[in-house]
Amino acid sequence: MIIKSQAKAILTLAVFCIMAVSVHAADILIPELSISTHGSFNDADRFVLSSRSSFDLLIQGGAKFSAFLKLGFRTTDLESHLNAIGTGVSLSNTPDNSELAAAIRQLEHMQGLEFRSTAVTIDKLFSTPLELSVFIGHHDVFASGDDFVNLFGSKPFATRIKGFMYYPEGIGPNQNIWYDGLHEAYGTGFRLSWKGLPVTPYVYAYQDSWLGVGHYSFDARMLFNQDLLKLEAFAGASIPVGTMGAYRGGILFYVDTGTIGSFYAQIGVPYWQPDSEFALSNMYFLFEPRLQFGIANLTLSLFFHPAYYLQQLTEKDGALDLRVNVLFGDINKVSRQGGLDSKLSYDPNASEQNIQLELAPYFQMVSGGVRWDLRLTSRILPLPAQWYHIFAPTIGITTSF
């Protein structure tokens, strides 16, 4: 029996969507395409490459309406994806458990194309500054800092400690998510916002796809923007969860002195049920002072992992990371920069070694509209059995169209 992937059906649907909206002069964009390749030694003492590829196909409405459709391609292991596509998946007439498990893994590797989100926005609702958006899928990310760039044209200031480059294995049992902000609106619902105020408020109500069908979430957030001060705060609740619901909240804080350096912080509770005792592991906090010394920049990052993130268990509760990053140059001015990043980690959930130490020299540059991130991570503690297992290189490529 041959089990076929749904990738062709999804691709066909995407093509028809593109053809349909192109008639109405819609814009078709790829906001960003990124590829990250991570090298390491496996249990058989072989050096293997594992790549992640990610891009979004964004179809935006024309002058007659404000809408978008976002399709994407994401895979946690591009090499296994290519192998699965090339060899296919087959089962014998009487498959055993091991054969079924292997077929399921092959099917998982075949998946890549996915629906990301769609939304329709009505500006100046009832001739007021009120804006209404109806969305399905992934929508806004709370307390990430990116919205200040998109809404106010601020220069990027978010922490670098996010994404696949820093969390190549995902978070806990889920390889498809990594830390970025404190929460994300994901599901089917609507968003209300009011423009033209000293602060920019948002209100959300949606069926929460992080929790599943029949679970609903409600969030309120506000953004305050000045040249040297950025502030975002949010609070939300989800029902039915437990006996009293689940709650979350947090803030993002950034202040730039203009001369000496800046300070960045994310503090919050991504998930908490009142029918359980509140503990420090419910907290998410990242403190990041940044000091400027001429062409050099020193960043200290202290990150405390929460027990839950995006309403899912992280299996990292109580883990603590201390990073020291020395950076030379400015990629926004001279198109290149480099430095040394070190990380000291403590994980009370680890079965063997609770403390890890890594050193990673890196180099980043922009050439021809493509950003290159080269990183060589060296694990100092615990020392592997073979000395050459210390090294784990990573290459990241990001471009926009």
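Here are four short exercises on this predicted model, each with a worked solution.

**Exercise 1: confidence**

Find out how the chain scores on pLDDT, and where pLDDT stays under 50.

Solution. Start with the whole chain: the average pLDDT is 84, and 82% of the residues score at least 70. Next, look for weak stretches. One of them is residues 9–16, where pLDDT stays under 50 and the model has 4 contacts beyond four places in sequence. Residues 18–23 also stay under 50, with 5 such contacts in the model. Finally, a bit of caution: where pLDDT is low, don't read the predicted coordinates in detail.

**Exercise 2: strands β9, β10 and β11**

Work out how β10 pairs with β9 and with β11, and what sits between the strands.

Solution. Take β9 (residues 216–225) and β10 (residues 229–239) to begin with: they run antiparallel and are joined by 10 bridges. For a spot check, go to L223, whose bridge partner in β10 is E232. The link is a hairpin, with 3 residues between β9 and β10.

Now move on to β11 (residues 246–256), which pairs with β10 in the antiparallel sense over 10 bridges. Here A237 has Y247 in β11 as its bridge partner. β10 and β11 form a hairpin too, with 6 residues between them. In that turn, check G242: its phi is positive, about 60°.

**Exercise 3: two aromatic pairs**

Classify the ring pairs F41–F47 and Y179–Y284, then decide whether their residues are buried or partly exposed.

Solution. The structure holds 23 aromatic pairs. For F41 and F47, the ring centres are 5.3 Å apart and the planes meet at 65°; planes over 60 degrees apart count as edge-to-face, so that's what this pair is. F41 has a relative accessible area of 27%, so call it partly exposed. F47 is partly exposed as well, at 43%.

Y179 and Y284 are edge-to-face too, at 6.0 Å centre to centre with 70° between the planes. Then place them along the chain: Y179 is in the loop between α4 (146–152) and β7 (183–194), while Y284 is in strand β13 (residues 284–293). The pair links distant parts of the chain, 105 residues apart. Both Y179 and Y284 are buried.

**Exercise 4: a cluster and two arginines**

List the members of the aromatic cluster that includes F148, and find the rings that R160 and R221 lie over.

Solution. The cluster is made up of F148, F152, F157, Y254 and Y264. Turning to the arginines, R160 lies over the face of Y362, at 5.0 Å from the ring centre. R221 lies over the face of Y202, with 5.3 Å to the ring centre.

Technical notes. Residues are numbered from 1 along each chain as its sequence is written. This is a predicted model: local features need pLDDT of at least 70, side-chain atom pairs count only at pLDDT 80 or more; totals for chains, interfaces and linings use all residues. Side-chain values use heavy atoms; hydrogens and water are left out. pLDDT is the predictor's confidence in each residue, from 0 to 100. Contact means heavy atoms within 4.5 Å. Two strands pair if DSSP finds at least two bridges between them. Helices (H or I, at least four residues) and strands (E, at least two) are DSSP runs, numbered from the N terminus. Rings of Phe, Tyr and Trp (its six-membered ring) pair if their centres lie within 6.5 Å; planes under 30 degrees apart count as stacked, over 60 as edge-to-face and the rest as tilted. Buried means under 20% relative accessible area, exposed over 50%, partly exposed in between (1.4 Å probe, protein chains only). A charge sits over a ring if NZ of Lys or CZ of Arg is within 6 Å of the ring centre and within 35 degrees of the ring normal.
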